[in-house]
Amino acid sequence: MKILKKILIYLLVVLAIAQFFGPEKNDGDFATVDSFLAETNPPEDVKNILETTCFDCHSAKTTYPWYNAITPVNYWLNEHIQDGKKHLNFSKWNTYSLKKKEHKMDELHEEVEEGEMPLNSYTWTHSEAKLSPAQIAAVVTWGKKVQADYKQQISTK
């Protein structure tokens with residue numbers, strides 16, 4: 001019993017010390033998505049959906065929840081954000097080729113339509129990010145239109 005008590009005390013001390021350390025925050029500027037928004041011109045309802053469901057993990061700026069101050073949760077969140085930005089980063093949209101933009105828009109509307117995005121782990125704590133069928137339809141319609149525009153631009157080159 002003494003060994004178990006020592007182990008628990010040790011773990012508590014390590015956890016307490018760990019609270020002073022954390023990953024680097026995704027603390028850029030929302031203005032980095034301006035070129036994406038200007039180029040793809042989403043309707044206001046879709047723009048709001050993108051802001052509340054996509055930009056936290058797919059841009060240079062994350063609005064962190066209160067529980068991000070808790071280690072190891074902050075590392076878990078950081079890993080999700082980094083993985084999200086690896087797949088699609090709206091803040092780097094202007095660095096993508098036309099072909100890549102077309103492909104990313106295809107993935108975007110497909111993932112939303114199939115219910116793969118936003119992730120369940122995100123919507124558990126961000127209820128406002130749960131998309132209604134009408135919101136899904138709006139994003140898919142807009143995404144398909146933007147993708148078609150990119151296809152058209154590619155074919156005329």
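## Aromatic cluster

Phe36, Phe55, Phe90, Trp93, Tyr96, Trp142 and Tyr150 form one aromatic cluster. The model is a predicted one. The count of aromatic pairs comes to six. One of them joins Phe36 and Trp142 in an edge-to-face arrangement, with 6.2 Å from centre to centre and 85 degrees between the planes. Phe36 belongs to helix 2 and Trp142 to helix 8, so this pair ties together parts that are 106 residues apart in sequence. Phe36 and Trp142 are both buried.

Trp93 and Tyr150 make an aromatic pair that is tilted, at 6.2 Å centre to centre and 50 degrees between the planes. This pair links distant parts of the chain: Trp93 sits in the loop between helix 5 (73-87) and helix 6, and Tyr150 sits in helix 8, 57 residues apart. Trp93 has a relative accessible area of 0% and is buried. Tyr150, at 3% relative accessibility, also counts as buried, because the cut-off for buried is under 20% relative accessible area.

## Helix 8

Helix 8 covers residues 133-155, a run of 23 residues. The distance from its first C-alpha to its last is 32 Å, close to the 33 Å expected at 1.5 Å a residue.

The buried residues of helix 8 are Val139, Val140, Trp142, Gly143, Val146, Gln147 and Tyr150. Two of these, Trp142 and Tyr150, are also members of the aromatic cluster. What covers the buried residues of this helix includes helix 2 (34-40), helix 3 (44-53) and helix 6 (98-113). Helix 2 also supplies Phe36, the aromatic partner of Trp142 in helix 8.

## Salt bridges

The salt bridges number four. One of them is formed by the side chains of Lys101 and Glu39, at 2.8 Å from N to O. Lys101 is in helix 6 and Glu39 in helix 2, so the bridge ties together parts that are 62 residues apart in sequence. Lys101 counts as buried, at 7% relative accessibility, whereas Glu39 is partly exposed, with a relative accessible area of 38%.

Two further salt bridges each lie within a single helix. In helix 5, the side chains of Asp83 and Lys86 meet at 3.4 Å, N to O. Asp83 and Lys86 are three residues apart, which puts about one helical turn between them. Asp83 is partly exposed at 32% relative accessibility, and Lys86 is exposed at 61%. In helix 8, Lys145 forms a salt bridge with Asp149, and the closest N and O atoms are 2.9 Å apart. Here the spacing is four residues, about one turn of the helix. Asp149 has a relative accessible area of 35% and is partly exposed.

## Nonpolar surface patch

Met1, Ile3, Leu4, Ile7, Leu8 and Leu11 make a nonpolar surface patch of about 680 Å². Among them, Ile7 lies in helix 1, which runs over residues 2-18. The relative accessible area of Ile7 is 42%, so this residue is partly exposed. That value meets the patch requirement, because patches are made of residues with over 30% relative accessible area.

How values were computed
Residues are numbered from 1 along each chain as its sequence is written. This is a predicted model: local features need pLDDT of at least 70, side-chain atom pairs count only at pLDDT 80 or more; totals for chains, interfaces and linings use all residues. Side-chain values use heavy atoms; hydrogens and water are left out. Helices (H or I, at least four residues) and strands (E, at least two) are DSSP runs, numbered from the N terminus. The expected span of a helix is 1.5 Å times one less than its number of residues. Buried means under 20% relative accessible area, exposed over 50%, partly exposed in between (1.4 Å probe, protein chains only). Contact means heavy atoms within 4.5 Å. Rings of Phe, Tyr and Trp (its six-membered ring) pair if their centres lie within 6.5 Å; planes under 30 degrees apart count as stacked, over 60 as edge-to-face and the rest as tilted. Patches are made of residues with over 30% relative accessible area and no salt bridge: like charges are joined within 9 Å, nonpolar side chains (Val, Leu, Ile, Met, Phe, Trp, Tyr) within 5 Å. Accessible areas come from the Shrake-Rupley method with a 1.4 Å probe; for residues, only the protein chains shown count as cover.
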